[in-house]
Amino acid sequence: MSFLTYLINGLSLGSIYAIIALGYTMVYGIAKMLNFAHGDFIMVGCYIIFSVSAALSGNSLVGIVIAVVLCTLLGITTEFIAYRPLRGAASPLAVLITAIGVSYLLENVALLIFGADIKSFTSVIKWEGLSFAGGELKIQGVTVITILVSLVILIALQLFINKTKQGQAMLAVAEDKGAATLMGINVNKTIMLTFAIGSALAAIAGALLCSAYPSLSPYTGAMPGIKAFVAAVLGGIGSVPGAMIGGLVLGIVEILSKTYISSQLSDAIVFGILVVVLLVKPTGILGKVIQEKV
Amino acid sequence: MKKFKKVISSLMASALVVSMLAGCTDAASTETTDAQAQPAQEASSSSDNGATFKIGAIGPLTGGAAAYGNAVCNAAELAVEDINAAGGINGYQVEYNKEDDELNAEKSVNAYNTLKDWGMQILVGSTTSACSIAVSEYTKADNMFQLTPSGSAEECVTYDNVFRVCFSDPNQGIASAQYIADHNLATKIGIIYDSSDVYSNGIYQKFAEEAKNKNLEIVSAEAFTQDNNTDFSVQLQKAKDAGADLVFLPIYYKDASLILTQANTMGYAPTFFGVDGMDGILTVENFDTKLAEGVMLLTPFAADATDDLTVNFVKKYEEKYGETPNQFAADAYDAVFIIKQAIEAKGATPDMSTADLCEALKTAMTEIEAAGLTSSKMTWDASGEPNKEPKAVVIKDGAYVSAE
């Protein structure tokens, strides 16, 4: 019975990683860049929801909508100002370093505006959740909703990418930017759209992250962002279903290693997994092997 | 890592507040002969030369930790006024001065030098640990007596001229175990601590040692780190499965607020017992204070206590400064009265040199038994650590109430 409880706890942590990893992997899959500021977009989303809810005396739904809109704008702006000019840079490192810079910029601006004190986030999910075996086993409402939302996003993204013209354009850009341009695809616009979607997902992930773990500070997004990155790599970075699986596996591994091995070693184990995956199967669980053509 | 920095800075802040209260008498040379001392005493009793003890205090009066520094400096001022109104120390009036250190160790040293130029003989401070440690290098060199009300880091009292009023960080672990055992709060105890933080780790170690002596059974001791402080479900579940009826939280209120929320979600309601890092849990923005109902924390002072000393102090403090005094204020008020008692024990006079006064007070501190707001019986040994009965408060209806 207690094993089941721990498994469910792992599931709820994993579902959060999964929903963050979706945004990560989406941007990587198309734009081929790691947006290390993704975790901080999440934090920005949380602060927007928190502020709007406070201003509208607890109306979190409006908060989420506004957060999605503003995060989308933030994503587009960041891409336009910080990433686009570097896309042609000689080293792919330039844009990676810039992403880290954006991450610190966002954290410190939040620190300036909201201060270092933590704020307690009111859950946007009012539902208590499911209860089994006479209350012995509980699955929190936020866990169920997070998994459902992740699935909906997963399906919607798959449909969008595979069935729409814009989605096909994204695939083309992902495959070969030069060739896509020759085919009449506006690469800049396509990548901007990718960032818009990724950042909107960050706002939704933020709402769920802070509902599950209701403590909001400028560094709220940093660590979950990095863990979600590990999850994305584990699942196969660039693969949307892979991010979902990677997130769930990572959450369960983290909780079970905390439980049965050591509460202090769990992070070492989680990041150890990253190393092992990169050594054994660098493309991750669902990642595609891309053949270099000569 | 960043959180760690924040924690450090708040620790530093609290340390600063502490060091403000000690001053050293800067009277005539220490090697005064009887003949010299005699006239001085006569003079002062006839109030001719107007000799006074000069006590200075240092703390962060501006900036993020201003609440601590102002509490210390205000309470020290109040204590000096009370002493003067009652005829002073050994018949000599006391002069008081304070300086701002902005929670910065270098500025704390500057503040100390400014006070020394003014003629300070005894220092009460600094308020926070890091500043107190910085200043103690200078008081040691000058051999000036320093009593920090609230510098809780172990290193604050490294030198023999420095004493403190509050418990040191690790000693809060011992005090908590004693309190829990003496009041039969629990038989099975779970602990959740931050293994990446010196403060939390130190308290945990001492608590575990003392719990063994007191026959308290620790059924689960689970750690977390600053990089892994969002999900506490495992730590709580383990405590619950082990049947812990009290969970000891030697951590800061930031992490504690998440633990309380998650315990509530999983329907686990043991007694939660914290230390001074828990102080602030009620100030978390948007936090549902109902979740903190029944949480206990070790603190030397509760403003609602009904003994005459506390009632008078709180009333006077509120009248003069318009706010309810906190534990920093209580520590500082006690510090000034402890200095008074130590001076009286040795019959010291303001015309003694700072160093002589320091030597006299160092000995006096190990001999006196003080009573004050923070304890009815405080003694010190030469290490500078206080020995006193631990006190705790419980959160009731969103406010601290004495647990007694």
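Here is a short conversation about a predicted model with chains A and B.

Student: Before we start, what kind of model is this, and how are its parts numbered and lettered?

Tutor: Residues are numbered from 1 along each chain as its sequence is written, while chains are lettered from A and ligands numbered from 1 in the order in which they are written. Local features need pLDDT of at least 70, side-chain atom pairs count only at pLDDT 80 or more, and totals for chains, interfaces and linings use all residues, as this is a predicted model.

Student: Let's take chain A. How many helices and strands are there in it?

Tutor: Helices (H or I, at least four residues) and strands (E, at least two) are DSSP runs, numbered from the N terminus. By that reading, chain A has eleven helices and four strands.

Student: What is the radius of gyration of chain A, and what does the globule rule give?

Tutor: The radius is taken over C-alpha atoms, and the rule is 2.2 Å times the number of residues to the power 0.38. For 294 residues the rule gives 19 Å, and chain A is close to that, so it is as compact as a globular protein of that length; its radius of gyration is 19 Å.

Student: What share of chain A counts as buried?

Tutor: A residue is buried if 20 or more other C-beta atoms lie within 10 Å of its own, exposed if 12 or fewer, and partly exposed in between, with C-beta atoms placed from the backbone. Of the 294 residues of chain A, the buried share is 51%.

Student: Which element of chain A gives the most to the side that touches chain B?

Tutor: Two residues are in contact if their C-beta atoms, placed from the backbone, lie within 7 Å. The contact takes 26 residues from chain A and 27 residues from chain B. Several elements of chain A supply at least two residues each, including strand 3 (137-140) and helix 10 (240-260). The one that gives the most, with five residues, is helix 1 of chain A.

Student: Over in chain B, which residues of helix 4 are buried, and how wide an arc do they cover?

Tutor: Helix 4 of chain B has 14 residues and reaches 20 Å from its first C-alpha to its last, close to the 20 Å expected at 1.5 Å a residue (1.5 Å times one less than its number of residues). Its buried residues are Ala105(B), Ser108(B), Ala111(B), Tyr112(B), Leu115(B) and Lys116(B). They sit on the same side of the helix because their arc, that of the directions from the helix axis to the C-beta atoms, is only 140°.

Student: Which exposed residues does the face turned away from the buried side of helix 4 of chain B carry?

Tutor: Just after this helix, Gly119(B) takes a positive phi of about 115°. The face turned away from the buried side of helix 4 of chain B carries Glu106(B) and Asp117(B).

Student: Is Leu103(B), which has a positive phi, buried or exposed?

Tutor: Most residues other than glycine have a negative phi. Leu103(B) has a positive phi of about 65° although it is not a glycine, and is found in the loop between strand 3 and helix 4 (105-118) of chain B. With 30 other C-beta atoms within 10 Å, Leu103(B) is buried.

Student: Which residues does the cis peptide bond join?

Tutor: Most peptide bonds are trans. In chain B, Ser126(B) lies in the loop between strand 4 (122-124) and strand 5 (127-128). The cis bond, with omega about -10°, joins Gly125(B) and Ser126(B).
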